[in-house]
Amino acid sequence: YSGNGLTKAISGALDPLGFIANTLPGKLLASVITKLFGTKTTVTGQGLYAADATLDQVRAGGLEAGYYADINKKKKFFGVTYSDKNSTDFTKDDEISRQFSLILNGFVDSVKLAAPVLGFSLDQIDTNLKDFVVKIGRVDLKDLSGAEIQEKLAAVFGAAGDDIAKAAIPGLEKFQEVGEGYFETLARA
């Protein structure tokens, strides 16, 4: 809890010199006042995000990506919650945008390398991917360990690679092995 103006005013009136505030009873009083009249801010989710973008936008460096935080703010008056609001703060980060773009462009480049071997022209691939939209969205990483973050990001980008490969070169489902992603099938084929 963080004190609001009313809490500070009450504390100031009860202890104008600040002596009581530094004692155990003073801290308990401040805690009670804060619970009765305070604001509680909680981060309910946080991680990385990427806005939806066409592959043309990604290839031109127009992918918007960065950090986000889901925040819940509750306000109390005499212990009764009178406001409970959720919001999301987004912070664009050019380096994350660049790294995400490199990964996605790598998928497109790999698909284009495989296309002639599978009987597709580069013009067909460009046509198939013309209106393709990459949808990564928000990736919640709150409370995950480093290994769990790596695993989750691999799954998110693996799914994006599968979607790109499937849109570019359809019809490889019959060659998929159990548990194999579409992009893996494309690379193997």
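In the predicted model, Asn105 makes contacts with Val58 and Arg59 when its neighbours within four places in sequence are left aside. The residue is located in helix H4, which spans residues 94-114. With a relative accessibility of 16%, Asn105 falls below the 20% limit and is therefore classed as buried.

Helix H4 also takes part in the largest nonpolar core, a set of 32 residues in which Phe100, Leu104, Val111, Leu129, Ile164 and Ile169 have the most contacts. Two or more residues of this core are given by each of strand S1 (39-50), helix H3 (55-59), H4, helix H5 (122-129), helix H6 (146-168) and helix H7 (182-188). Of these elements, H4 provides the largest share, amounting to seven residues. For Ile169, the contacts outside the four neighbouring places in sequence are with Val111, Ala115, Leu118, Phe120, Ile125, Tyr182 and Leu186. Val111 thus appears both among the core residues with the most contacts and among the contacts of Ile169.

Strand S1, one of the contributors to the core, pairs with strand S3 in the antiparallel sense over 11 bridges. Within this pairing, Gly47 has Tyr68 of S3 as its bridge partner. Gly45 likewise belongs to S1, and its relative accessible area of 1% places this glycine in the buried class, since that class comprises values under 20%. Although Gly45 and Tyr68 are 23 residues apart along the chain, their C-alpha atoms are separated by 8.2 Å. Contacts of Gly45, not counting residues up to four places away in sequence, involve Tyr68, Ala69 and Asp70, together with Asp140 and Lys142.

On S3 (residues 65-77), a further antiparallel pairing is found with strand S4 (residues 80-92), the two strands being joined by 12 bridges. One of the bridge pairs links Ile71 to Ser87 in S4. S3 and S4 form a hairpin with two residues between them, and Phe78, in the turn, has a positive phi of about 55°.

Phe78 is also part of a nonpolar surface patch with Phe77 and Tyr82, the three residues having about 380 Å² of accessible area together. Phe77 lies in S3 and has a relative accessible area of 44%; this residue is partly exposed because the value lies between the limits of 20% and 50%.

Terms used. Residues are numbered from 1 along each chain as its sequence is written. This is a predicted model: local features need pLDDT of at least 70, side-chain atom pairs count only at pLDDT 80 or more; totals for chains, interfaces and linings use all residues. Side-chain values use heavy atoms; hydrogens and water are left out. Patches are made of residues with over 30% relative accessible area and no salt bridge: like charges are joined within 9 Å, nonpolar side chains (Val, Leu, Ile, Met, Phe, Trp, Tyr) within 5 Å. Accessible areas come from the Shrake-Rupley method with a 1.4 Å probe; for residues, only the protein chains shown count as cover. A salt bridge is a side-chain nitrogen of Lys or Arg within 4 Å of a carboxyl oxygen of Asp or Glu. Helices (H or I, at least four residues) and strands (E, at least two) are DSSP runs, numbered from the N terminus. Buried means under 20% relative accessible area, exposed over 50%, partly exposed in between (1.4 Å probe, protein chains only). Contact means heavy atoms within 4.5 Å. A nonpolar core is a set of buried Ala, Val, Leu, Ile, Met, Phe, Trp, Tyr and Cys residues joined through side-chain atoms within 4.5 Å. Two strands pair if DSSP finds at least two bridges between them.
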